[in-house]
Amino acid sequence: MKKTILLVDDHELVRAGFRRLLEDEEQFIVVAEAGSGEQAVQDYVKYKPDAVVMDISMPGIGGIGAIERIIARDPNARILVLSVHEDTVFTTRALQAGAKGFIPKRSAPEEMIKAIAQVAQGKMSIDPEIAQQIAMQKLTGSDNVLDVLSQREFEVFRLLAEGKSVNDIAGILSLSPKTVGTHHTNIKQKLEVSNSAELARLAIRSGVLEA
């Protein structure tokens, strides 16, 4: 019986490429495609796929926000993150949110197929190089500066770094502006930044935002 897959990426061409790759395999069938984290949550509830293949960098709640919301609805959800981001900050956040795997978009097609198959079976699948980076980081104690942020604070931080206003973020994350304002204050204190420019520079240095 074919494994059902939900594809999530904000680029239609990328989704089309992944769909062709997966449907060339006898073991998969793509039941839905989503172009945002918000749509991914809705489609997951509607289709209950065997696995979700999720980009992490998307407008709105993004991949990590979508993972959290899907896991909140179904703790057994099987999510593989497929991303251009290979730094440990995104990998660690995705795994903490509940993803079962993480693989770079540069991976060979056969590696992607293998990772999706493993996650669809409920197994973990993390790119060996990224797994080694995470292990080395833990061994050396060289934590990322953003590790002090909670998952919610990280979401707010990412959106602030993208230039979103407090009111914009409140709408995206379904929070009150007051709550977002509190998160903003806590983020600046924890990261020891005093303004938006410093926050954006830190986001670039940490790999959250592209220069």
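**Exercise 1. State how many helices and strands the chain has, and describe its overall dimensions.**

Solution. The chain holds ten helices and six strands. Here helices (H or I, at least four residues) and strands (E, at least two) are DSSP runs, numbered from the N terminus. This is a predicted model, in which local features need pLDDT of at least 70 and side-chain atom pairs count only at pLDDT 80 or more, while totals for chains, interfaces and linings use all residues. Residues are numbered from 1 along each chain as its sequence is written, and side-chain values use heavy atoms, with hydrogens and water left out.

Next come the dimensions. The C-alpha trace spans about 55 × 40 × 30 Å along its principal axes. For 211 residues, a compact globule would have a radius of gyration near 17 Å, and the chain agrees because its value is 17 Å. The radius of gyration is taken over C-alpha atoms, and the globule rule is 2.2 Å times the number of residues to the power 0.38.

**Exercise 2. Describe the burial, contacts, surface and charges of the whole chain.**

Solution. Step one is burial: 47% of the 211 residues count as buried. Buried means under 20% relative accessible area, exposed over 50%, and partly exposed in between (1.4 Å probe, protein chains only).

Step two is contacts, where contact means heavy atoms within 4.5 Å. Among contacts between residues at least 6 apart in sequence, 64% join residues at least 24 apart.

Step three is the surface. The chain exposes about 10,300 Å², and carbon and sulfur atoms supply 51% of this area. Accessible areas come from the Shrake-Rupley method with a 1.4 Å probe; for residues, only the protein chains shown count as cover.

Step four is charge. There are 25 positive and 29 negative side chains, and the centres of the two sets lie 5 Å apart. Lys and Arg count as positive and Asp and Glu as negative, whereas His and the chain ends are not counted. The place of a charge is taken as NZ of Lys, CZ of Arg, CG of Asp or CD of Glu.

**Exercise 3. Find the aromatic pair and say which helices it ties together.**

Solution. Rings of Phe, Tyr and Trp (its six-membered ring) pair if their centres lie within 6.5 Å; planes under 30 degrees apart count as stacked, over 60 as edge-to-face and the rest as tilted. By this rule the count is one aromatic pair. Phe90 and Phe154 form the pair, which is edge-to-face, with 6.0 Å from centre to centre and 80° between the planes. Phe90 lies in helix 4 (residues 88–97) and Phe154 in helix 7 (residues 151–161), so the pair ties together parts that are 64 residues apart in sequence. Phe90 is buried at a relative accessible area of 2%, and Phe154 is buried at 1%.

**Exercise 4. Describe the surroundings of Gly62 and Gly63.**

Solution. Start with Gly62, which is found in helix 3 (residues 62–73). Gly62 is buried, with a relative accessible area of 1%. Not counting residues up to four places away in sequence, Gly62 touches Gly37, Ile56 and Arg158. The C-alpha atoms of Gly62 and Ser36 are separated by 7.0 Å, although the two residues are 26 apart along the chain.

Then take Gly63, which is also placed in helix 3. Gly63 is buried, with a relative accessible area of 0%. Leaving aside neighbours within four places in sequence, Gly63 is in contact with Met54, Asp55, Ile56 and Met58.

**Exercise 5. Examine the phi values of Lys48 and Glu192, and locate both residues.**

Solution. Most residues other than glycine have a negative phi. Lys48 has a positive phi of about 45° although it is not a glycine. Lys48 is in the loop between helix 2 (37–47) and strand 3 (51–54). For Glu192, phi is near 55°, again a positive value in a residue other than glycine. Glu192 is in the loop between helix 9 (177–191) and helix 10 (196–205). At 70% relative accessibility, Glu192 counts as exposed.
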